[in-house]
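Trainee: I would like a close look at one pocket, with its surroundings described carefully enough that I can judge the criteria behind each statement.

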Amino acid sequence: MPNNYDNIASTYDFLSQLVFGQALRNSQKVLLHHIPPCAKVLIVGGGTGWILEEITKIHTSGLDITYVEISEKMIALSRQKNAGSNVVKFVNVPVENFRAGQHYDIIFTAFLFDNFQVSRIQNVFRQLDRLLEPGGKWLFADFHIDHYNGSLWKIVLLKTMLVFFKIVCGIEAEKLTDMAPYFTGSGYLVLQESYHFSRFIKGLAYHKPVTADILS
């Protein structure tokens, strides 16, 4: 199954911190204050589940969290994390197979879209966009390369990661897709923007307007 991190689940956090220190986590943690009390939260591609414990430090109860993850082993690790008294529903399916019976106040995607081929990104984006309530927030973190002022080491490191994860996890992506046009094209507004690891990693909080146009 493509884009499945089962083969690396037990060592993923160690390897990510070995290369990036706390930068990957910090890019996500700075966004968590956007989650309001009693929110319905959709987390897609949550990995080992450490983010659940960080969310619990802010909201010990009251949240209704749906946790979608393709890797069965990542789900198993996530179930062991402390989510306080928040309700967490774990769903072990590829995001494109996920069918929700509700809409969400918050969507959280971290390093998700860098797994997909360009041809599939629009469908996944539109699928998630339809699940976010008008006026909701999309918390987004991913790698970033400024093509007008790119650093060679970032390009080499990104290419190395894509090749590694293609071999080990079968990811589809062959390059990093700039997701900003997808959000701006659907009327999303940037509420917060932060950069980490010499601007190689970014975290953004997007606001979906009540009358946002759907990406065509």
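Trainee: By class, how many nonpolar, polar and charged residues does the lining of the second largest pocket have?

Mentor: The lining of the second largest pocket has eleven nonpolar, four polar and four charged residues, where Ala, Val, Leu, Ile, Met, Phe, Trp, Tyr, Cys and Pro count as nonpolar, Asp, Glu, Lys and Arg as charged, and the others, Gly among them, as polar. The model is predicted, so local features need pLDDT of at least 70 and side-chain atom pairs count only at pLDDT 80 or more, whereas totals for chains, interfaces and linings use all residues. Residues are numbered from 1 along each chain as its sequence is written, and side-chain values use heavy atoms, with hydrogens and water left out.

About 300 Å³ of space lies in this second largest pocket; a pocket here is an open set of points on a 1 Å grid over the protein atoms alone, with protein on both sides within 12 Å along at least five of seven lines, and a lining residue has an atom within 4 Å of a point. The volume is the space filled by probe spheres set on the points, which are joined across faces, edges and corners. Of the 19 residues that line the second largest pocket, H144, I145, D178, M179 and K202 lie nearest its centre. At least two lining residues come from each of strand 5 (132-143), helix 7 (180-185), strand 6 (189-196) and strand 7 (201-207), the elements being DSSP runs numbered from the N terminus (helices H or I, at least four residues; strands E, at least two).

M179 also links this region to the packing of the interior, since M179 is included, with V44, V68 and Y182, in a second, separate core of 25 residues. A nonpolar core is a set of buried Ala, Val, Leu, Ile, Met, Phe, Trp, Tyr and Cys residues joined through side-chain atoms within 4.5 Å, and buried means under 20% relative accessible area, exposed over 50%, and partly exposed in between (1.4 Å probe, protein chains only). The largest nonpolar core has 40 residues, and those with the most contacts inside it are F20, I35, I43, I51 and F143.

Strand 6, one of the elements that line the second largest pocket, can be followed through two of its residues. E193 lies in strand 6 and counts as partly exposed because its relative accessibility is 44%. Leaving aside neighbours within four places in sequence, E193 is in contact (heavy atoms within 4.5 Å) with G203 and L204. The side chain of E193 also makes a polar contact with the side chain of Y195 at 2.5 Å; such a contact is a pair of N or O atoms within 3.5 Å, of which, within protein, one must be able to donate a hydrogen and the other to accept it, and residues adjacent in sequence count only if both atoms are side-chain atoms. H196, also placed in strand 6, counts as buried because its relative accessibility is 15%. The side chain of H196 makes a polar contact with that of S194 at 3.0 Å, while beyond four places in sequence H196 is in contact with A23, N26, S27, V30 and I201.

Between strand 6 and strand 7 comes the loop that holds S198, which has a positive phi of about 55° although it is not a glycine. S198 counts as exposed because its relative accessibility is 54%. F111 likewise has a positive phi of about 55° without being a glycine, but F111 counts as buried because its relative accessibility is 11%. F111 lies in the loop between strand 4 and helix 5 (118-131), and its C-alpha atom is separated by 15 Å from that of E193, although the two are 82 residues apart along the chain.

F111 leads on to the largest pocket, in which about 940 Å³ of space lies. Of its 50 lining residues, the closest to the centre are Y5, Y12, F111, N115 and F165. Helix 1 (12-20), helix 2 (23-29), helix 3 (50-58), strand 4 (104-110) and helix 6 are the elements that give two or more residues to this lining, and the largest share, eight residues, comes from helix 1. By class, the lining of the largest pocket has 32 nonpolar, eleven polar and seven charged residues.

Key: 1 Å grid on protein atoms, 1.4 Å probe; cavity = no way out; pocket = protein on both sides within 12 Å on 5 of 7 lines; lining within 4 Å.
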